[in-house]
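Please work through the exercises below with the sequence and the coordinates open beside you. Each task is followed by a solution that proceeds step by step.

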Amino acid sequence: EGVKEIADALKVNTSLTLLDLCENGIGPDGAKEIADALKVNSSLIELDLGWNKIALEGVKEIADALKVNTSLTLLDLCENGIGPDGAKEIADALKVNSSLIELDLGWNKIALEGVKEIA
């Protein structure tokens with residue numbers, strides 16, 4: 001519920017540059033809300049979604065947002081249980097995203113398969 005309010009605010013906010021939602025248990029549904037906001041927000045530069053259990057479902061939403069977002073330069077997705085399939089989703093987004101320069105996928109068990117996708 002709270003993450004929806006934050007996401008709604010992000011859709012119209014033009015000044016916020018850093019948002020830290022680390023360890024808030026937003027899950028896949030919260031990730032979708034944030035992803036929808038990222039598609040229209042152009043001021044956010046740093047986003048920390050670490051330790052939120054967004055899983056594969058949530059990272060798919062974030063990856064879709066990365067394909068159109070042009071402001072985000074740092075994204076922390078550590079400890080979200082995205083696995084190798086989630087790494088592939090992010091890798092596909094990185095093929096078209098030209099703004100992201102820092103990405104943290106630590107503690108996600110992406111394995112060698114996921115590393116190869118990102119590389």
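The exercises that follow concern a predicted model, and they go from the sheet to the helices and then to single residues.

**Exercise 1. The sheet**

Task: Establish in what order the strands of the sheet are arranged and whether the pairing is parallel or antiparallel, and then find which strands stand at the edges.

Solution. Begin with the general principle that the strands of a sheet are held together by backbone hydrogen bonds, in a parallel or an antiparallel arrangement. In this model the open sheet consists of 4 strands, which follow one another in the order 1-2-3-4, and their pairing is parallel. The edges are taken by strand 1 (18-20) and strand 4 (102-104), and because each of these has a single partner strand, one side of each remains without a neighbour in the sheet. From one strand to the next, the twist averages 0 degrees.

As a further step, look at one pair in detail: strand 2, residues 46-48, and strand 3, residues 74-76, are joined in the parallel sense over 3 bridges. Within this pair, the residue opposite L47 is L75 of strand 3.

**Exercise 2. The faces of helix 1**

Task: Determine which residues of helix 1 are buried, where they fall when seen down the helix axis, and which residues on the other side are exposed.

Solution. Helix 1 spans residues 2-12, and V3, A7 and L10 are buried in it. Viewed down the axis of helix 1, these buried residues fall within an arc of 55 degrees, and they therefore line one face of the helix. On the other side of helix 1 one finds E5 and V12, which are exposed. The cover over the buried residues includes strand 1 and helix 2 (27-38).

A residue with an intermediate value completes the description: D8 also belongs to helix 1, and its relative accessible area of 29% is the reason why D8 is classed as partly exposed, since that class lies between the cut-offs of 20% and 50%.

**Exercise 3. Two helix pairs**

Task: For helix 2 with helix 3, and then for helix 4 with helix 5, work out how the axes are oriented, and identify which residues make the contact.

Solution. Take helix 2 and helix 3 (residues 55-66) to begin with: their axes are 8 Å apart and the packing angle is about 5 degrees. As angles under 35 degrees count as roughly parallel, helix 2 and helix 3 are therefore roughly parallel to each other. From helix 2 the contact draws on P28, D29, A31, K32, I34, A35 and L38, and from helix 3 on E57, G58, E61, I62 and A65. Sorted by character, the residues of this contact comprise 7 nonpolar, 1 polar and 4 charged.

Now turn to helix 4 (residues 83-94) and helix 5 (residues 111-118), whose axes come within 8 Å and cross at roughly 0 degrees. The crossing angle makes helix 4 roughly parallel to helix 5. Here P84, D85, A87, K88, I90 and A91 of helix 4 meet E113, G114, E117 and I118 of helix 5. The residues of this contact of helix 4 with helix 5 comprise 5 nonpolar, 1 polar and 4 charged.

**Exercise 4. Positive phi in two loops**

Task: Locate E79 and W107 in the chain, and state how accessible E79 and W107 are.

Solution. E79 sits in the loop between strand 3 and helix 4, where its phi is near 50 degrees, a positive value in a residue other than glycine. With a relative accessibility of 28%, E79 counts as partly exposed. W107 is placed in the loop between strand 4 and helix 5, and its phi, near 60 degrees, is likewise positive in a residue other than glycine. W107 counts as exposed, at 68% relative accessibility.

**Exercise 5. Separation in sequence and in space**

Task: Compare how far apart S15 and D85, D8 and E89, and K60 and C78 are along the chain and between their C-alpha atoms.

Solution. S15, in the loop between helix 1 and strand 1, is exposed at a relative accessible area of 57%; its C-alpha atom is separated by 34 Å from that of D85, 70 residues apart along the chain. D8 and E89 are 81 residues apart in sequence, with 25 Å from C-alpha to C-alpha. Finally, K60 lies in helix 3 and is partly exposed, at 37%; K60 and C78 are 18 residues apart in sequence and 15 Å apart in space, C-alpha to C-alpha.

Key
Residues numbered from 1 in each chain as written. Predicted model: local features only at pLDDT ≥ 70, side-chain atom pairs only at ≥ 80, totals over all residues. Heavy atoms only, no water. Pairing = 2+ DSSP bridges. Axes fitted to C-alpha atoms, helices over the stretch in contact; angles between N-to-C directions. Parallel < 35°, antiparallel > 145°, perpendicular 65-115°, else oblique. Contact = heavy atoms within 4.5 Å. Nonpolar A, V, L, I, M, F, W, Y, C, P; charged D, E, K, R; others polar. Buried < 20%, exposed > 50% of the residue type's maximum accessible area, 1.4 Å probe, protein only. Arc of directions from axis to C-beta.
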